[in-house]
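Trainee: I would like to go through this structure and ask how each label is earned.
Mentor: Go ahead.

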Amino acid sequence: MAEANAASEPIGIDAVRVTAWFVENLPAVAPPLHFELITGGRSNLTYRVRDDAGTRWVLRRPPTGTLLSSAHDVVREWRILDLLAGGPVPVPPVLGYCTDHAVTGANFYVMTHVDGIVLDDDETVAELPRQHRRAASHSIVDTLAKIHAVDTTTGPLAQMRRPGSYLERQLRRWSRQLTDGGVGPGPLWDVHDLLTRHLPAERWTGLVHGDFRPGNLLIGPDGEVRAVLDWELWTVGDVLADLGWLTATWASADVIGWAPDPADGFLDVDTIATRYADTTGRDLEDLRYHQAFALWKLAAIAEGVAARFRAGTMGGQDVDVDALARRPAQLAEMAREVLTGRGPG
């Protein structure tokens, strides 16, 4: 069996077996491998992998422990990256995937390491020159427009298109997640009922990333998006869900933790929405609903994240669990305010 560096074995990685898989399935691997859990991930676990020759890869696998059904399907994530490879949407090249749980306890996939800046706090923002932050704002919107321009009417993606309303399916899915997670009556269910009553018709169907925001992008120092990451929630559905997510999180630094600030050289959220409308030709009549839905979904995700941290399945990352526990109700209240016209929209 290939040599491994047992001293660099974070949670979720069997260094010896994963090294053997790398040697067998990827070219020119020079053991031992060094594994580093990339902090900040709140869903699938992401690791930077380096061999003795300095070659770098990225490995993605689900969290450890018991998972809710249909969640954290990394093989499905690998498939969309493989389908998009070589096209106008910038994605990291994928190199292989493994479904043999004997290797490290779960499915995983490996992709090429792409250099870039992930804008998720003041420290990383400082790495992007101020004169290129407006360009970064433009590139973020234009990249979203490229995702939504992908043809979903033919080929493999057409088979992913399901009948009925995307939003109805999403409300059912995330309400099941809340039920399965043991979430009882309260703000999340109250907002769920409001969203159900005000559901708009679906008018713009295409490829939906599901978590499109600066924290899931690799951006070059010139402001250009080099790669879109974290495709765990992708689907074919109402593309305004992505714009709702992007603009809702862009304007929610007080709860999200960081968001692009016009005072720091980024575009304001209204200009972001206008650029998208101008680029795609789509009207944004239902954007407020999608922003409210995004905040509610983020509340549901935050509920699951808090539960996983309490259970100790997120790799020992140092976080304020009490603050995580408060976040779902905060986000649900923000969603209510947007949906009823009292909050930003």
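**How the labels are earned**

Mentor: In this predicted model, five strands form an open sheet in the order E1-E2-E3-E5-E4, with antiparallel pairing.

Trainee: What makes E1 and E4 the edge strands?

Mentor: Each of E1 and strand E4 (94-98) pairs on one side only. From one strand to the next, the twist averages 25 degrees.

Trainee: How do you know that E4 pairs with E5?

Mentor: Two strands pair if there are at least two bridges between them. Four bridges join E4 to strand E5 (residues 108-112), so the pair qualifies, and the two run antiparallel. Cys-98, for one, has Phe-108 in E5 as its bridge partner. In general, strands of a sheet pair through backbone hydrogen bonds.

Trainee: Why is Thr-247 called buried?

Mentor: Buried means under 20% relative accessible area. Thr-247 has 1% relative accessibility, so it counts as buried. Thr-247 lies in helix H9 (residues 240-250). Leaving out residues up to four places away in sequence, Thr-247 touches Val-269, Ile-272, Ala-273, Leu-287 and Gln-291.

Trainee: What makes the pair of Thr-247 and Gln-291 a polar contact?

Mentor: The cut-off is 3.5 Å between N or O atoms, one able to donate a hydrogen and the other to accept it. The side chains of Thr-247 and Gln-291 make such a contact at 3.0 Å.

Trainee: Why is Ala-28 called exposed, while Asp-230 is called partly exposed?

Mentor: Exposed means over 50%, and partly exposed lies between that and the 20% limit for buried. Ala-28 has 71% relative accessibility, so it counts as exposed. Asp-230 has a relative accessible area of 26%, so it is partly exposed.

Trainee: What makes the phi of each of these residues worth a remark?

Mentor: Most residues other than glycine have a negative phi. Ala-28, in the loop between H1 and E1, has a positive phi of about 55 degrees. Asp-230, in the loop between strand E8 (225-228) and strand E9 (235-238), has a positive phi near 55 degrees.

Trainee: How do you know that the peptide bond between Pro-31 and Pro-32 is cis?

Mentor: Its omega is about 5 degrees. Most peptide bonds are trans. Pro-32 is in the loop between helix H1 (15-25) and strand E1 (34-37).

Trainee: How do you know that the length of H11 agrees with what is expected?

Mentor: The 12 residues of helix H11 (residues 269-280) should span 16 Å at 1.5 Å a residue, and the end C-alpha atoms are 17 Å apart, so the two values agree. At the N-terminal end of H11, Asp-268 acts as a cap: one of its side-chain oxygens lies 3.0 Å from the backbone nitrogen of Asp-270. Gly-281, with a positive phi near 75 degrees, follows H11.

Trainee: Which residues of H11 are buried, and why are they said to lie on the same side?

Mentor: They are Ile-272, Ala-273, Tyr-276 and Ala-277. These residues cover an arc of only 130 degrees around the axis, which puts them on the same side of H11. In general, residues three or four places apart in an α-helix point the same way, because there are 3.6 residues a turn.

Trainee: What do the buried residues of H5 pack against?

Mentor: They pack against helix H4 (122-125), strand E6 (205-208), strand E7 (217-219), E8, H9 and H11. Among these buried residues are Ile-140, Val-141 and Leu-144.

Conventions. Residues numbered from 1 in each chain as written. Predicted model: local features only at pLDDT ≥ 70, side-chain atom pairs only at ≥ 80, totals over all residues. Heavy atoms only, no water. Buried < 20%, exposed > 50% of the residue type's maximum accessible area, 1.4 Å probe, protein only. Axes fitted to C-alpha atoms, helices over the stretch in contact; angles between N-to-C directions. Contact = heavy atoms within 4.5 Å. Expected span 1.5 Å × (residues − 1). Arc of directions from axis to C-beta.
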